[in-house]
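Thanks for coming, everyone. Please have a look at the sequence and the model before I start.

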Amino acid sequence: SGILDVVLSSSPGQIDGRVVDEKQRPVSGNLAVLIPDRPRNRLDLYKTATTDQNGAFTFRGVPPGDYKVFAWEALESFAFYDPSVLQQFEAKGKAARGSESSKENVEVRIIPAESSQ
């Protein structure tokens with residue numbers, strides 16, 4: 001019982017963005033993380049990208065749905081997979097939407113190291 005939505009497409013979405021610090025300066029060489037808004041147990045939908053010298057990143061092949069993009073200055077490797085860790089930073093994620101054949105652009109503020117401890 002229940003509803004099952006199946007979406008098939010040969011044209012997944014793309015989410016581009018850039019990570020900036022509190023002074024709006026680009027943050028290079030940092031990990032940006034795309035996490036499905038709900039359900040969070042779909043680990044296959046998590047994506048990561050490293051920012052370039054301009055703080056820019058791209059997530060390709062994004063299935064339709066609602067997501068949040070996070071970037072931490074310092075976080076233990078793969079800690080973002082832990083729901084209790086992620087819950088602490090929920091309000092600091094930037095909302096993004098994946099749609100068929102779409103390109104969305106977001107600007108993400110880096111979460112300072114002192115917040116990640």
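I will talk about one aspartate, then the salt bridges, then the cores.

This is a predicted model, in which local features need pLDDT of at least 70 and side-chain atom pairs count only at pLDDT 80 or more, while totals for chains, interfaces and linings use all residues. Residues are numbered from 1 along each chain as its sequence is written, and side-chain values use heavy atoms, with hydrogens and water left out.

Let me begin with Asp21, which lies in the loop between strand 1 (13–20) and strand 2 (31–36), strands being DSSP runs of E with at least two residues, numbered from the N terminus. Asp21 is buried, with a relative accessible area of 11%, where buried means under 20%, exposed over 50% and partly exposed in between, using a 1.4 Å probe and protein chains only. Its side chain meets that of Arg25 in a salt bridge at 2.8 Å, N to O, a salt bridge being a side-chain nitrogen of Lys or Arg within 4 Å of a carboxyl oxygen of Asp or Glu. Arg25, for its part, is partly exposed at 44%.

How many salt bridges does a search of the whole structure find? There are seven, and one joins Arg18 to Glu107, with the closest N and O atoms 3.3 Å apart. Arg18 lies in strand 1 and Glu107 in strand 7, so this pair ties together parts that are 89 residues apart in sequence.

Finally, the largest nonpolar core, meaning buried Ala, Val, Leu, Ile, Met, Phe, Trp, Tyr and Cys residues joined through side-chain atoms within 4.5 Å, has 17 residues. Apart from it lies another core of 11 residues, among them Ile35 and Phe89.

Key:
Helix = DSSP H or I, 4+ residues; strand = E, 2+ residues; numbered from the N terminus.
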